[in-house]
Amino acid sequence: MGATLLDTFRTFVVTNLLDSILTILVTIVLTAGGLVLINWATRLVSARITATEMDAERRSRLNTLISASKDTLRILVLALATVIVLASFGIDFGPLLAAAGIAGLAISLGAQTLIKDFFGGIIILLEDQYRVGDSIRVNSVDGVVEQITLRRTNVRNVDGTLYVVPNGEIRTVGNTTRDWSRAAVDLNLTYEGDMRRAIDVLKAAMAQAAEDPAIRPFLLEPPEILGYNQTNDLGVRVRMQAKVKPGQQWGVARQLRRAALDALQEAGVPIAQPYYKAATSSTA
């Protein structure tokens, strides 16, 4: 029986492996060439997009589509190469396809998650829900989109942690860098202070800040003051906000906060601060 198995193996090597080695080598060369061609083409298209004058929104969307297309084409090339190599060994795919129909019921529960991810990725790209470089909130994760494929979205948060979110699990997305954003600053003013004077000081500060070259290019509307916005244990909360270009809300908010604090300090208007009651003890 051992001799029979050895003869069978020798026959397989002579009739299949040696005859197929040229096909395998050609497939490897063509696959490597295809992958290199995909990388070269995507770099060329990306460079052309960068050199072409177009709005940032369109450029971001095109770069996102290029990134997703690159990953999809690489998967297709590798899958095709695998099929060709297996076929060169004399493997008949007819019975495999028939068996796949029978086994499909068994693997459907496992495959449906993958299919769900791919359909989710297609919908995200077609609807242009977000792009590479957008700041989003998804599945309790806040961060910047670094990569989008048909199966997953890579999001890196502020501390550098990279989160891999399956596209099939994405139900609600908050995009903080689409169309326009809002810079908001909240300050607490004391109950004892002159609120009307404080509001006047802040209005003057916001008007002056709107002319600041560090802020003006990013403003879509002048800053506004929402006085007596809320009360709390510290005092009366006043909100300053401005409609700005997408993604500029954090930088503008820092500048508005600085301008407001400097103006209040110069005018002698107190800002509410938390206080702690010192514990006292008496001795008999």
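Is threonine 149 buried or exposed? With a relative accessibility of 6%, threonine 149 counts as buried, because buried means under 20%. Keep in mind as you look around that this is a predicted model.

**The whole chain**

Let's start with the overall picture. The protein chain contains five helices and eight strands. Followed along the sequence, these elements come in the pattern α-α-α-β-β-β-β-β-β-α-β-β-α. The chain has 284 residues, and 29% of them count as buried. About 18500 Å² of the protein chain is exposed, with carbon and sulfur atoms supplying 61% of that area. Contacts across the sequence can be described too: among those between residues at least 6 apart, 65% join residues at least 24 apart.

**Around threonine 149**

Now back to our opening residue. Threonine 149 sits in the loop between β2 (141-148) and β3 (152-156). If we set aside neighbours within four places in sequence, threonine 149 is in contact with Asp71, Gly121 and Asn167.

The two strands on either side of this loop form a hairpin, with three residues between them. β2 and β3 run antiparallel and are joined by four bridges. To find one of these pairings, look for valine 145, whose bridge partner in β3 is valine 155.

β3 also pairs with strand β4 (residues 162-166), again in the antiparallel sense, through five bridges. Here too there is a hairpin, with five residues between β3 and β4. In its turn, glycine 160 has a positive phi of about 95°. Within this pairing, asparagine 154 stands opposite valine 164 of β4.

Valine 164 deserves a second look. Its relative accessibility is 48%, so valine 164 counts as partly exposed. Not counting residues up to four places away in sequence, valine 164 touches Arg152, Thr153 and Asn154. Valine 164 and arginine 152 are 12 residues apart in sequence, while their C-alpha atoms are 6.5 Å apart in space.

Here are three residues from this tour, side by side.

| Residue | Element | Relative accessibility |
|---|---|---|
| Threonine 149 | loop between β2 and β3 | 6%, buried |
| Valine 164 | strand β4 | 48%, partly exposed |
| Leucine 22 | helix α1 | 59%, exposed |

**A nonpolar patch**

Leucine 22, the last entry in the table, belongs to helix α1 (residues 2-51). Leucine 22 counts as exposed at 59% relative accessibility. Together with Ile21, Leu25, Val26, Ile28 and Leu30, Leu22 makes a nonpolar surface patch of about 600 Å².

**A sheet with three strands**

Further along the chain, three strands form an open, antiparallel sheet in the order β6-β8-β7. β6 (181-189) and β7 (224-231) each have a single partner strand and stand at the edges, so one side of each has no neighbour in the sheet. On average, neighbouring strands of this sheet are turned by 25° against each other, direction ignored.

The pairing of β6 with strand β8 (residues 236-244) is antiparallel and spans nine bridges. One pair to look for is arginine 182 and its bridge partner in β8, lysine 243. Helix α4 (residues 195-210) packs on the sheet and touches β6, β7 and β8. The direction of α4 makes about 145° with that of β7. Helix α5 (residues 249-267) also packs on the sheet, touching β6 and β8. The direction of α5 makes about 30° with that of β6.

Definitions and conventions
Residues are numbered from 1 along each chain as its sequence is written. This is a predicted model: local features need pLDDT of at least 70, side-chain atom pairs count only at pLDDT 80 or more; totals for chains, interfaces and linings use all residues. Side-chain values use heavy atoms; hydrogens and water are left out. Two strands pair if DSSP finds at least two bridges between them. Axes are lines fitted to C-alpha atoms, for helices over the stretch in contact, and angles run from 0 to 180 degrees between N-to-C directions. Contact means heavy atoms within 4.5 Å. Patches are made of residues with over 30% relative accessible area and no salt bridge: like charges are joined within 9 Å, nonpolar side chains (Val, Leu, Ile, Met, Phe, Trp, Tyr) within 5 Å. Accessible areas come from the Shrake-Rupley method with a 1.4 Å probe; for residues, only the protein chains shown count as cover. A salt bridge is a side-chain nitrogen of Lys or Arg within 4 Å of a carboxyl oxygen of Asp or Glu. Buried means under 20% relative accessible area, exposed over 50%, partly exposed in between (1.4 Å probe, protein chains only).
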